[in-house]
Amino acid sequence: MQASTAGLSAEDERRMMAVLQELQIQDSMRLYNELVYLCFNNCVDSFRSSKLEAKEEACVTKCAQKFLKLAARAGQRFAEQQQQFLGGGSDGGAGGSSSSSSSDGSALSR
Amino acid sequence: MASALAAGVNPVDLARREMSFYADLFQKMTDSCFRKCVTRYHDGELQTGEGVCVDRCVFKYMGAVQRIGELLQEGQPMPAAGGAPSVQ
C-alpha cells in the first residue's frame, strides 16, 4: 500500500510499477466477477426464461452502480482512516502516505 | 487487444489473465446456479426441472456479465477489457 519509490533504482522502480499495474488489472477483473456474482444472486430468482427480464436487468444495473459507489466511498473512508493511523502523532506530516493510500480508493471506484 | 500489445503486454500474461478471469467466472456461475436451481437432495440425479433451470441460469448469468461489462466500460476505463472479450 505504501508504494514509496524513494531509494529504488530505476530498474526496481520500473519493475514495481509493472507489478502494481498487474495487480490493479487482476483486481479490476476480480471486481467485475464479484459484481456479477453479487448482483445476479440478489436480482435473479426466476428461470422461466433464459434471457434477463427487464426488471432483472434494471435491478442488476442499479445493484452494480450502487456497489461501485459504495466501494468508492469505503475507499475514501479507508484512506482517511489510514491517514489518521499512519500520521498518528504528527498531524501535518505524512504527505506522501496520504497520496498513496487515497489511490487505493480510486482504484476501486475506477 | 491491439492497444494491450502496443503497451508491451506479454501475450502469455494476457492468456493467463483471461484464463483466471474465466475460471473465476465459471466457479461463481456454478455456485450461483447450484444455489438457485437445486433445492432438494433426494438422490444424486439432476432432476429434469433442475436441469432446465441450470440451462437458463447459465444464459441469464452471462446476460448479467454482459450488462455489467457494458456498465463498467461506460463509467470507468477497464484495463481488463482486453481480457474480457465477452463484453461486445
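**Exercise 1. Determine what share of the contacts in chain B between residues at least 6 apart in sequence join residues at least 24 apart.**

Solution. Step 1: a contact requires heavy atoms within 4.5 Å. Step 2: among the contacts in chain B between residues at least 6 apart in sequence, 44% join residues at least 24 apart. Step 3: applied to chain A, the same separation limits give 54%.

The model is predicted, so local features need a pLDDT of at least 70 and side-chain atom pairs a pLDDT of 80 or more, while totals for chains, interfaces and linings use all residues. Residues are numbered from 1 along each chain as its sequence is written, chains are lettered from A and ligands numbered from 1 in the order in which they are written, and side-chain values use heavy atoms, with hydrogens and water left out.

**Exercise 2. State the secondary structure and the buried fraction of each chain.**

Solution. Step 1: helices (H or I, at least four residues) and strands (E, at least two) are DSSP runs numbered from the N terminus. Step 2: chain A has three helices and zero strands, in the order α-α-α. Step 3: chain B likewise has three helices and zero strands, and its elements run α-α-α from the N terminus on. Step 4: a residue is buried under 20% relative accessible area, exposed over 50% and partly exposed in between (1.4 Å probe, protein chains only). Step 5: of the 110 residues of chain A, 31% are buried; in chain B, buried residues make up 38% of 88.

**Exercise 3. Assess the confidence along both chains.**

Solution. Step 1: pLDDT is the predictor's confidence in each residue, from 0 to 100. Step 2: chain A averages 81, and 75% of its residues score at least 70. Step 3: within chain A, α1(A) has the highest mean, 94, and helix α3 (residues 95-109) the lowest, 40. Over residues 90-110 of chain A the pLDDT is below 50, and this stretch has 23 contacts in the model beyond near neighbours in sequence. Step 4: chain B averages 82, with 76% of the residues at 70 or above. Its residues 78-88 have a pLDDT below 50 and make 31 contacts beyond near neighbours in sequence.

**Exercise 4. Characterise the interface of chain A and chain B.**

Solution. Step 1: 34 residues of chain A are in contact with 32 residues of chain B. Step 2: the buried area (accessible area, 1.4 Å probe, that two parts lose on being put together, summed over both) is about 3100 Å², 68% of it on carbon and sulfur atoms. In chain A, Tyr32(A), Asn33(A) and Phe47(A) lose the most area to chain B, together 25% of what that side buries. Step 3: seven salt bridges (a side-chain nitrogen of Lys or Arg within 4 Å of a carboxyl oxygen of Asp or Glu) are found across the interface. One of them joins Glu22(A) and Arg17(B), whose closest N and O atoms are 2.6 Å apart. Step 4: on the side of chain A that touches chain B, α1 (10-43) and α2 (54-86) each supply at least two residues, and α1(A) gives the most, with 15.

**Exercise 5. Describe the setting of Arg67(B).**

Solution. Step 1: Arg67(B) lies in helix α3 (residues 48-75) of chain B. Step 2: Arg67(B) counts as buried because its relative accessibility is 14%. Step 3: leaving aside neighbours within four places in sequence, Arg67(B) is in contact with Glu57(A), Thr61(A) and Glu74(B).
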